[in-house]
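Biologist: Could you take me on a close look at a single part of this model? I would love one connected walk through it, with the cut-offs spelled out as you go.

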Amino acid sequence: MIPAGQLTGVVLAGGLSQRMGRDKATIAHGSQPLWRRQREILLIAGAAVTAIVRRPGQAPLGLPEDCQLWHDEAIDVGPLAGLHVALSQCRTSQLAVLAVDMPRIDPWWFQWLGSFCGSSIGAMACRPDGRYEPLAAIYPRIALAEATRHLQGKDFSLQSLAASLIDQNLLRCVPLPAGELWRVTNWNSPDDTSTISG
């Protein structure tokens with residue numbers, strides 16, 4: 001379990017959104033943009049601090065004063081850039097990461113993962129096919145060293161990073177039942193946004 005006050009929540013919202021054709025963070029989910037919906041999920045799940053990670057130069061989102069804005073420091077490395085800056089800025093023992101384009105993740109998801117965490121170990125779901133869910137996961141802050149090693153070594157795959165963290169006992173791999181795969185749906189194209197209402 002994660003002690004009260006020891007969880008930072010970050011929404012990764014710096015993707016290029018090439019297939020979507022527009023900034024995913026601003027797409028409406030019900031009555032609010034996705035970035036705001038995702039942040040609220042993290043707050044309800046127990047995050048004491050929240051932040052949004054964007055690429056430098058992206059349009060501002062009008063964040064509330066109690067939500068921090070962090071920017072990628074590396075370019076052309078995919079979501080590893082956002083995770084790396086979030087870990088480097090995190091001041092709590094644990095970091096809950098949620099991609100802006102995963103609209104079916106709810107507070108239960110992070111409460112479920114949090115039950116597998118320890119003081120220096122996070123938790124990540126593992127699909128039945130063996131793939132990890134690194135963009136809706138809880139990382140220990142000390143995972144920063146391994147994320148930095150991957151960034152400097154030009155291995156930008158979050159699947160590879162997850163495997164390394166699991167091998168080092170910094171992450172627990174939690175099996176995701178096949179019946180729960182609907183939760184990890186991504187919005188990648190305009191057609192996807194019509195599959196989920198409000």
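Modeller: Happy to, and let's start at a turn: just after helix α1, G46 takes a positive phi of about 115°. Before we go on, please keep in mind that this is a predicted model, in which local features need pLDDT of at least 70 and side-chain atom pairs count only at pLDDT 80 or more, while totals for chains, interfaces and linings use all residues. Residues are numbered from 1 along each chain as its sequence is written, and side-chain values use heavy atoms, with hydrogens and water left out.

Helices (H or I, at least four residues) and strands (E, at least two) are DSSP runs, numbered from the N terminus. Helix α1 itself covers residues 34–44, and its buried residues are L34, W35, R37, Q38, R39, I41 and L42. Buried here means under 20% relative accessible area, exposed is over 50%, and partly exposed lies in between, using a 1.4 Å probe and protein chains only.

Now to strand β6, residues 94–99: six of its six residues are buried, so the strand is largely enclosed by the rest of the structure. Q94, A96 and L98 lie on one side, with L95, V97 and A99 on the other, and both faces are covered. Two strands pair if DSSP finds at least two bridges between them. Strand β1 (residues 7–12) runs parallel to β6, joined by six bridges, and L12 stands opposite A99. Strand β8 (residues 136–140) runs antiparallel to β6, with five bridges, and there Q94 stands opposite P140.

The loop between β8 and α4 holds A143, which counts as buried because its relative accessible area is 1%. Leaving aside neighbours within four places in sequence, A143 is in contact (heavy atoms within 4.5 Å) with L87 and L165. A143 and H84 are 59 residues apart in sequence, yet 9.1 Å apart in space, C-alpha to C-alpha.

Both L87 and H84 also belong to the α2 side of a helix pair: L80, H84, L87 and S88 in α2 meet L144, A147, T148, H150 and L151 in α4. The residues of this contact divide into five nonpolar, four polar and no charged; Ala, Val, Leu, Ile, Met, Phe, Trp, Tyr, Cys and Pro count as nonpolar, Asp, Glu, Lys and Arg as charged, and the others, Gly among them, as polar. Helix α2 (residues 80–89) and helix α4 (residues 144–152) pack at an angle of about 145°, with axes 9 Å apart. Those axes are lines fitted to C-alpha atoms, for helices over the stretch in contact, and angles run from 0 to 180 degrees between N-to-C directions.
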